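Let's walk through this structure together, one region at a time. Keep the viewer open so that you can follow each stop along the way.

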Amino acid sequence: MKFSTMLARSARTLAVAALAVPVFAQDPAGGEGQAGGAAGADATKKDEGEWFAVVNGDVYSGTGAVLRGATVLARGGVIRKIGHDLEIPADAKVLDAQGLRIYPGLVALNARGIASRFGGGEFADTFDPYSQNLVLALAAGITTVSDSGVAVKLKRREVKGVVVRERYQSTLSYSSAAPRGKSELDAKFEAAARYLRDYRDWEEQKKTNKDLKEPAARGVDPTIRSILENRSMARFNAANRSDLLGIARLAQKYKFRPIIEGALEGWTVADELGRAGAYAVVVPRARRDKSEELLRDGGSSIENAAILHRSGVQVAIQATSTFIDLGGIAGRDVLHLPIEAGFAVRGGLPEQAAIEGITIVPARILGVEHRIGSIEVGKDCDLILLDGDLLHYQALVQYTVVDGKLVYEKDKELYYAHIRPRPAAQPTDAPEARRDKGEEKPADDDTPTEGGDEKPEGKPAETPEDKPKDGAADEAVDEG
Amino acid sequence: MQIDRTLRAALTLGALTLAAHAQNALAPRTLTPPDPARSAYLVDDAPPAPGAVGGPGLALMVSKALTVIWNGTQVVDNALILVRDGRIELVAPRGDAGVPAGYVVRDCGALWAMPGMIDLHCHVGGSMDINDMVYVTNPELRVQASVIPDNPNFQRAIASGVTSVLYIPGSGTNSGGQGVLLKTGLPNYEESVIRDPGSLKVAQWGNPERWGFGVGKTWENFHLRDMFQQGRAYAAKWKAFEDGKGPKPEHDPRLDVFRELFSHRTQVSTHTQVAQVVMMTILMIRKEFGIDVYIDHGEWGGYLYAELAKELGVPGIIGPRNVDVARTGPGPWGGANPEKMTAIAGEYQARGMEMVGFNTDSPVIPQEELFLQSAVNVRYGFKNDDAQAVRGHTIVPAKTAGIDKRVGSLEPGKDADIVILSGDPSDPRTSVEMVFIEGRKVYDTARDVRRF
């Protein structure tokens with residue numbers, strides 16, 4: 001362990017100690033004090049900083065609520081107000097989102113090559129705020145990544161505050177391939193749980209009996225202890241049904257919520273994982289054939305995410321490739337997270353859950369959901385503005401906002417400016433200005449869909465093939 | 001002799017007894033009776049299913065039929081599709097046609113219908129041993145012998161609507177051998193095969209150089225031209241013999257495929273990519289030798305020769321690299337747009353090419369993700385205002401492979417290869433609900449385990 005990490009860890013421990021024991025049980029945010037010194041910054045942000053407003057857009061808050069033609073007002077990088085007819089300070093920077101949809105910035109788990117080109121983990125020192133991969137990630141709607149378990153905010157042209165939270169997860173190994181490791185892990189949990197029980201008893205009893213000796217923490221695994229004390233989350237990498245079952249039972253026995261990455265056969269034991277309160281990080285189109293020797297269900301299923309979700313598992317979606325693929329094969333790498341989420345929808349996951357799977361659920365897994373993952377007052381102003389439905393393969397990010405600053409503008413950058421450029425400066429009341437080609441027609445705006453749990457079956461006018469065609473040449477009318 | 005026959009009889013008997021034992025051992029485990037619809041083509045005495053050959057007619061009702069007929073109707077709303085004896089009889093708006101007596105009606109409600117998709121670059125049609133690098137060119141090798149019909153990869157491909165593929169050898173040498181055009185969901189080779197040879201696989205660059213260190217494009221062009229020249233001479237000798245103008249040539253199995261090629265009964269599918277290589281595909285194979293050829297892969301800067309391809313009638317089937325990416329630097333690989341992300345199929349299209357389709361190169365991209373190739377291209381600029389994405393999966397590859405008389409559109413007289421799905425075929429969110437191949441229902445989510 002590097003010295004600075006040790007310092008950070010001990011600082012966090014101190015912060016927790018200062019907050020006292022009952023606090024972390026009640027604080028759903030996981031305690032801002034743990035977030036690596038961000039608490040101080042948050043406090044100062046509240047009363048100063050630049051005003052920033054996004055107006056006229058349809059706000060898909062990520063919580064299921066949709067506010068059409070609303071304003072998001074931020075100061076110092078924090079969202080202050082969301083609503084209609086807000087008073088915007090004269091000195092505020094204003095971004096007109098007429099005809100665009102506003103979503104929370106995406107959270108890409110285990111993304112490689114974005115926070116740091118060569119890995120390593122000390123992102124505060126190695127983050128390159130000018131790299132091409134950073135711009136590509138912002139263009140893909142990603143505003144936060146986790147790399148080596150660290151939550152990193154994709155700030156552009158600045159490095160201050162890029163680390164949102166240091167390692168919150170503790171990776172544990174639980175595999176049928178290593179039965180001894182399984183029993184040892186169980187023993188560690190048993191020992192840590194016993195110690196914590198004894199410690200609580202001692203705290204209670206020492207009020208009357210001052211001579212009672214404090215129980216010894218020697219031999220108690222500090223990682224397991226931090227998991228049981230909710231200071232850290234247990235992260236497993238497991239695909240097999242038997243391993244998943246074992247993890248679910250371990251979690252239920254010792255009352256912690258496991259994060260399970262992979263969870264390929266999760267759909268076969270989804271109810272157990274749901275009871276364990278598990279988080280699953282899935283790649284919806286990952287494939288594995290069922291072993292012909294097995295009589296039970298097995299192998300991968302396109303319905304994995306949907307079945308896990310129905311059973312109460314919080315599902316985060318990870319791309320097939322966690323790297324940025326510049327080899328030309330598109331649609332499978334981290335730049336296509338919404339397309340990956342589309343595959344989960346294909347398997348039956350509600351669209352709202354699919355959006356949560358690339359925003360708020362990964363934020364929870366990283367322990368940063370109090371700052372990131374949805375558009376809510378008090379959270380960081382990380383927004384993406386798209387020319388259509390986030391989950392539609394044709395929708396492109398037009399603007400990206402990180403911490404209340406415009407950091408990506410499609411029409412003014414390399415890479416995507418030439419693709420379906422938006423019509424320049426139309427009067428705001430012109431209906432033609434509302435939608436870009438291939439997107440929802442204005443008539444649809446009146447329908448009170450809430451980001452859509454159901455998959456629209458007809459999807460009128462969403463797809464170009466939709467229109468009746470009889471070889472007519474008058475099709476290119478709405479070509480942008 | 002007598003002993004031999006006795007021995008054989010005994011062995012046969014033994015085998016039969018063993019088989020009977022195996023049957024008995026398995027019998028109690030069969031908890032559910034086999035689904036007659038699924039095994040209709042396996043059990044001889046089962047009645048043929050509606051729509052299949054010999055069965056009653058099938059009337060499918062869908063909210064939208066993507067007919068994608070070349071120079072014809074692209075979409076029929078509220079459509080009625082009549083299927084009989086494995087062929088499509090009629091596609092019409094429901095108001096314009098009635099269901100004939102005796103037809104089994106299947107109302108698919110809000111679902112859509114489209115022709116089965118065609119992948120002209122597939123390596124997952126059987127056992128994977130399809131890259132024998134014996135000589136610099138191996139035109140006599142055939143993947144036919146390695147086909148496993150209805151294999152697990154095909155099973156998944158069917159579940160995303162892929163019903164026809166060109167199963168071809170690998171690209172380890174300049175010519176890996178002969179591919180075969182197959183249907184994906186039929187039980188045996190004889191029923192699956194559409195055309196054999198489906199194509200002669202030529203690989204022009206970007207793999208064959210592994211044959212030797214330091215091998216470059218010049219070396220490869222030399223060997224390819226050499227192969228085609230030998231083939232042309234061989235085919236010409238046979239042509240002369242058939243016309244009664246020459247002696248009977250010596251049979252050479254290595255060059256037999258060129259008789260097919262030079263009489264236009266089959267074609268060349270070319271693994272070709274990067275501008276100067278695509279140029280050689282067009283100039284050498286098409287212009288110099290006059291062979292029916294199309295561009296496969298066609299990636300990186302290959303589109304710079306799209307105008308030439310169009311002029312000489314060379315279609316482009318693009319994938320699995322769909323985006324010419326913003327990348328610069330030394331080395332032979334590089335796009336033509338160091339500062340832009342552009343759809344490769346879109347660039348061919350922008351240069352006036354109409355015959356632009358998509359392939360997967362499965363297993364490089366799983367066979368079932370064929371539809372995603374168009375989605376990504378549309379995302380990055382491929383124009384889709386006239387159903388070009390769906391056409392690139394259906395009628396374009398059908399015409400490219402010369403099998404459009406049988407497949408590629410929902411048109412009376414064609415094979416009833418029909419995909420029933422929940423919406424836009426390019427959208428990953430769309431789910432495929434039912435697939436018919438030649439009128440046989442080979443996949444139905446109401447009946448089968450959901451595969452994709």
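Strand E9 (residues 193-203) and strand E10 (residues 268-272) of chain B run parallel and are joined by 4 bridges; helices (H or I, at least four residues) and strands (E, at least two) are DSSP runs, numbered from the N terminus. One of the pairings puts B:Ala203 opposite its bridge partner in E10(B), B:His271. Helix H6 (residues 275-288) of chain B lies across E9, E10 and strand E11 (293-297) of chain B, and runs at about 155° to E10(B). For such angles, axes are lines fitted to C-alpha atoms, for helices over the stretch in contact, and the angles run from 0 to 180 degrees between N-to-C directions.

A word on conventions: this is a predicted model, in which local features need pLDDT of at least 70 and side-chain atom pairs count only at pLDDT 80 or more, while totals for chains, interfaces and linings use all residues. Residues are numbered from 1 along each chain as its sequence is written, and chains are lettered from A and ligands numbered from 1 in the order in which they are written.

Now step back to the sheet around that parallel pair. In chain B, an open sheet of 8 strands follows the order E6-E7-E8-E9-E10-E11-E12-E15, with mixed pairing; two strands pair if DSSP finds at least two bridges between them. Strand E6 (117-122) and strand E15 (356-358) of chain B each have a single partner strand, so one side of each is left without a neighbour in the sheet. On average, neighbouring strands of this sheet are turned by 30° against each other, direction ignored.

Next, look at the packing. The largest nonpolar core has 245 residues, and those with the most contacts inside it are A:Val72, A:Ile102, A:Val152, A:Ala280, B:Ile81 and B:Ala113. Such a core is a set of buried Ala, Val, Leu, Ile, Met, Phe, Trp, Tyr and Cys residues joined through C-beta atoms within 7 Å. Buried means that 20 or more other C-beta atoms lie within 10 Å of a residue's own, exposed means 12 or fewer, and partly exposed is in between, with C-beta atoms placed from the backbone. Strand E2 (residues 75-84) of chain B gives the most to this core, with 7 residues. Beyond its neighbours within four places in sequence, B:Ile81 has contacts that include B:Leu60, B:Val62, B:Ala113 and B:Leu410; a contact needs C-beta atoms, placed from the backbone, within 7 Å.

A:Val152 takes us to strand E8 (residues 150-153) of chain A, where A:Val150 and A:Val152 on one side and A:Ala151 and A:Lys153 on the other are all buried. Strand E7 (residues 142-147) of chain A pairs with E8(A) in the antiparallel sense over 4 bridges. The two form a hairpin with 2 residues between them, and A:Ser148 in the turn has a positive phi of about 55°. E8(A) is also joined by 2 bridges to the antiparallel strand E9 (residues 163-165) of chain A, where A:Val163 is the bridge partner of A:Val152.

Finally, how do the chains meet? The contact takes 38 residues from chain A and 47 residues from chain B. On the chain A side, the residues divide into 16 nonpolar, 10 polar and 12 charged; Ala, Val, Leu, Ile, Met, Phe, Trp, Tyr, Cys and Pro count as nonpolar, Asp, Glu, Lys and Arg as charged, and the others, Gly among them, as polar.

Technical notes:
Contact = placed C-beta atoms within 7 Å.
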